[in-house]
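Open the model in your viewer and switch to a cartoon view. Keep the selection tool at hand for a short tour.

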Amino acid sequence: MSKPQAPNEPNLQASSMDSDSNVPSHLFRQAVEQAALAISITDARANILYANAAFQRITGYGQDEIVGHNESILSYRVTPKLVYETLWAQIQRQRPWNGLLVNKRKDGNRYLADVTITPVVGEAGLTTHYLGMHRDVTEVHRLERQVQNQKTLIESVVDAAQVAIVLLDENEHVLLDNQEYKKLIGDLGKEPAVRLLEALRLQMGDAYTKAYEKHRNIAAREVCIESPKRPTRWFSCAISWFEEHDVGADAFYEPLRRHYLLLTIQDISEIKRQQEALRINSLRALLAEQERIQGLRETLAGAVYQLEGPLNMLSAAANMMERRREAGADLPAASALEEAMQKSREVLETLRGCIPEQGNEALQPVNLNEVLADVLKLTTASLLGAGIVVEWSPSNEPPVVSGHPGQLTNLFKQLISNAVEAVNERRGGQRELRIACTSRGDHLEVFVEDSGPGIADDLRYKVFQPFFTTKGAARQHLGLGLAMAQEVVIRHGGTIDIDPGYHAGCRVRVQLPLLTGANHG
Ligand code: FAD
């Protein structure tokens, strides 16, 4: 070093070997001088005796401008007084201090200094000097703050979102959530995300496992969560994956990736309820139309049936007259009778032609649990009005048949309406309706049991005959309900009968062939 030595500068230029090592003393000076860190040596009152090149570069002060001044020359005066008091308390106890100070360069610009001060203790055990080391961490601080600000911003946006958002690690531990998600915890209990992911897993099966393993996103899917004593809730759930580089030291040269699962959850229960109400209303309208057509069919078929009797009698009389005419009798009324009969046949044919066709619904897989649940929803008002207690036992396995959904709905609606009427006929006693659907090997059995007066043994088969009724015309019964029900069951390859062994009311049994798994679709 050829620079002139400042008056207070310690003599660090000794060229002798350091007593404890074989490193020459001048090497220490060179090392300090050339260090990238700003290094200063002060006396015990923080007056600067020495400052290295990095110190001069960072602060903007030359060696001559800084030596002899107190370190406080760097203070920007926004650092709280308490920080300096702590600093001094620490170093006066001969302990090193490290902290952040706001410093001011010679040109007035400020920078954030990460400062470490180490007391230098002399042989007498007293602090003779201080070693100060600092680096400009303004940029690091700026980046840290930026990250922090972004994090705060993201958290605020996530928190304000109207959908529930939750971030999970690969072990499905919650790392971040928002206010909407917290509300779900109140509603669904801990941990809603785990319950919803499980519901998704059950719904999607292998597709979910594959997507999960390969960290593929899953577009919004509807899942339902059933809780005892609470209405069923519906959620639209979407999964997005993203990866982050591990920030640990181990992963500095060999990057490790961590995967995170972002689950967004939208409560669609209200929309679902509205959709369901709409569906039931349109089903009600459809069934009302089918009933209207059925009523028309029944009326016209009844009229045709009623007219066929007298016409048959007229036909017999005409045959008799014809035979007598062939035998030579003069019967002028015979041709008039023949003409009347001809006209009557034409009218009958016209009436037959007016009988509307049954709607030609496509054959499709139909889940009888759903059909029966729908029928119960449709008849809720009449069941409640009649004060009937309903016991509904759906099949555990999906009871799928190949059928016409509208006709099957009408079939069970007919059986349930019959049951409600039967219960209403009985004064006093139990008012019960039990519906059960059970899989029995290759077919399904549906029981509709009521606690009404029941059907006498001798009428068990007759009740399925068209126009047979136990109720009389005054009650607007044509006696076609069970005949229609039987027609629908037969069209579906099944059977319908009345259990003779059931005496607590009436038990109607419907058996329908089960659609096997391969045929679903
Ligand atoms: P000051 O009046 O200097 O001090 C404020 C408070 O500090 C006082 O109330 C007192 O509690 C305590 N204090 C100050 N001097 C002493 C002392 N000699 N003995 C006991 N307590 C004391 N400050 C910076 O702002 N930036 C730096 O980069 C920086 N580097 C330093 C490096 C070294 C090696 C040392 C020893 C000190 C350094 N300081 C630095 C601290 C500096 O000396 C001042 O204490 C500080 O800047 C506050 O200055 P001030 O004029 O506002 O208040």
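Start with the sheet. In this predicted model, five strands form an open sheet in the order β7-β6-β10-β9-β8, with antiparallel pairing. Select β7 (174-177) and β8 (218-227): these are the edge strands, each with a single partner strand, so one side of each has no neighbour in the sheet. On average, neighbouring strands here are turned by 30° against each other, direction ignored.

Next, select residues 230-245 and 257-267. These are β9 and β10, an antiparallel pair joined by eleven bridges. Find Phe 235; opposite this residue, in β10, is Asp 267.

Now add the helices. Residues 206-213 are α8, which lies across β8, β9 and β10 and runs at about 30° to β9. Helix α9 also packs on the sheet, touching β8, β9 and β10. The direction of α9 makes about 135° with that of β9.

Follow α9 along residues 269-326. This helix has 58 residues and reaches 82 Å from its first C-alpha to its last, close to the 86 Å expected at 1.5 Å a residue. Stop at Glu 308, where α9 bends by about 25°. Pro 310 follows within four residues. Just after α9, select Gly 328: its phi is positive, about 105°.

Last stop: α13 (residues 405-425) and α14 (residues 481-491). Their axes come within 9 Å and cross at roughly 145°. The crossing is left-handed. Show side chains at the contact: it includes Leu 408, Leu 411 and Leu 415 of α13, and Leu 482, Met 484 and Val 488 of α14. The contact residues divide into eight nonpolar, five polar and one charged.

Notes:
Residues are numbered from 1 along each chain as its sequence is written. This is a predicted model: local features need pLDDT of at least 70, side-chain atom pairs count only at pLDDT 80 or more; totals for chains, interfaces and linings use all residues. Side-chain values use heavy atoms; hydrogens and water are left out. Axes are lines fitted to C-alpha atoms, for helices over the stretch in contact, and angles run from 0 to 180 degrees between N-to-C directions. Helices (H or I, at least four residues) and strands (E, at least two) are DSSP runs, numbered from the N terminus. A crossing is left-handed if the near helix is turned anticlockwise from the far one by less than a right angle, and right-handed if clockwise. Contact means heavy atoms within 4.5 Å. Ala, Val, Leu, Ile, Met, Phe, Trp, Tyr, Cys and Pro count as nonpolar, Asp, Glu, Lys and Arg as charged, and the others, Gly among them, as polar. The expected span of a helix is 1.5 Å times one less than its number of residues. The bend at a residue is the angle between axes fitted to the seven residues ending there and the seven starting there. Two strands pair if DSSP finds at least two bridges between them.
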